[in-house]
Amino acid sequence: MGHTSTRVRRPARTVAGFLAALLPVAVAVGVYAFGRTHTPDYTSGLFGRHGVGVNDLKARLGSALMTLAVVQLLLGLWMYRRLPGAGAAPRRVHPTHRLIGLLAFLLSLPIAYHCITAYGVEFTSSRVTMHSITGCVLYGAFVAKVLVVHSRRLPGWVLPAAGGALVTAIALMWYTAALWFFTGSAPGF
């Protein structure tokens, strides 16, 4: 009897795992599809700013987001005892890591909203292409990290890999937008 119930549960877990793995991909593809089919409104603003003012605001918000991502990375390294000389992380580091992650996600929303509605997904240059594709991947990576955090069945390396992918996506977004804006052009583009 126990053998039969195990067989029934295993396919259900496999299907649920497969669907959970597809959800981040579906989010990234959904953002991409919206960005490609939506008619951009190049005159739209953000928090009452337009033109260069909105770009300056987004560059500053993006830099704040990048700062939060670096803090997240450092806290994650500390929690996994990979931060040299830091020792074991105190208990307050875990909720702080979650809170900063939530703040980073919330901070990313107005930036993403303006980007997707004002510009959509464009391929006008290598910088814009990388920024557009990474923007789509960013929210898929966020969904993946949330799913991994709530899973107890995945290998231990998956959570740091998902967090690393998320930080990398934020860094690429910052590099291809905020740094480009502040310097006039980022190196390599």
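In this predicted model, the buried residues of helix α5 are V158, A162, G163, L166, V167, A169, I170, M173, T176, A178 and L179, where buried means under 20% relative accessible area, exposed over 50% and partly exposed in between, computed with a 1.4 Å probe and with protein chains only. The cover over these buried residues includes α2 and α4, contact being defined as heavy atoms within 4.5 Å. Helices (H or I, at least four residues) and strands (E, at least two) are DSSP runs that are numbered from the N terminus. The 26 residues of α5 should span 38 Å at 1.5 Å a residue, and the distance of 36 Å between its end C-alpha atoms agrees with this; the expected span is 1.5 Å times one less than the number of residues in the helix. A kink of about 35° is nevertheless present in α5, centred on Y175, the bend at a residue being the angle between axes fitted to the seven residues ending there and the seven starting there. Just after α5, G184 adopts a positive phi of about 95°.

Residues are numbered from 1 along each chain as its sequence is written. As the model is predicted, local features need pLDDT of at least 70 and side-chain atom pairs count only at pLDDT 80 or more, while totals for chains, interfaces and linings use all residues, and side-chain values use heavy atoms, with hydrogens and water left out.

The protein chain as a whole has five helices and zero strands, so that the elements, as DSSP runs, read α-α-α-α-α from the N terminus on. Of its 189 residues, 32% count as buried. Among contacts between residues at least 6 apart in sequence, 68% join residues that are at least 24 apart. The accessible surface of the chain comes to about 11600 Å², and 69% of this area belongs to carbon and sulfur atoms, the areas being obtained by the Shrake-Rupley method with a 1.4 Å probe, and only the protein chains shown counting as cover for residues.

The largest nonpolar core contains 17 residues, of which L46, L61, L65, L138 and I170 touch the most other members; a nonpolar core is a set of buried Ala, Val, Leu, Ile, Met, Phe, Trp, Tyr and Cys residues joined through side-chain atoms within 4.5 Å. Two or more residues of this core come from each of α2, α3 (93–118), α4 (126–149) and α5 (158–183), and α2 gives the most, with six residues. Helix α2 itself (residues 52–79) has 28 residues and reaches 40 Å from its first C-alpha to its last, close to the 40 Å expected at 1.5 Å a residue.

Around the core residue L46, and leaving aside neighbours within four places in sequence, contacts are made with V54, L57, K58, L61, P110 and H114. The last of these, H114, lies in helix α3 and is buried, with a relative accessible area of 1%. A polar atom of the side chain of H114 lies 3.1 Å from the backbone oxygen of S44. Not counting residues up to four places away in sequence, H114 touches S44, G45, L46, V54, K58 and Y119.

A second histidine, H131, lies in helix α4 and counts as buried at 16% relative accessibility. The side chain of H131 makes a polar contact with the side chain of T176 at 2.8 Å; a polar contact is a pair of N or O atoms within 3.5 Å, of which, within protein, one must be able to donate a hydrogen and the other to accept it, residues adjacent in sequence counting only if both atoms are side-chain atoms. Beyond its neighbours within four places in sequence, H131 is in contact with C115, M173, T176 and A177.

The loop between α1 (2–37) and α2 includes T43, which counts as exposed at 61% relative accessibility and whose side chain makes a polar contact with the side chain of D41 (2.6 Å). The C-alpha atoms of T43 and A118 are separated by 7.0 Å, although these residues are 75 apart along the chain. F47 lies in the loop between α1 and α2, is exposed at 62% relative accessibility, and has a positive phi near 50° without being a glycine. Most residues other than glycine have a negative phi. R81, found in the loop between α2 and α3, likewise has a positive phi of about 60° although it is not a glycine, and R81 is exposed, with a relative accessible area of 60%.
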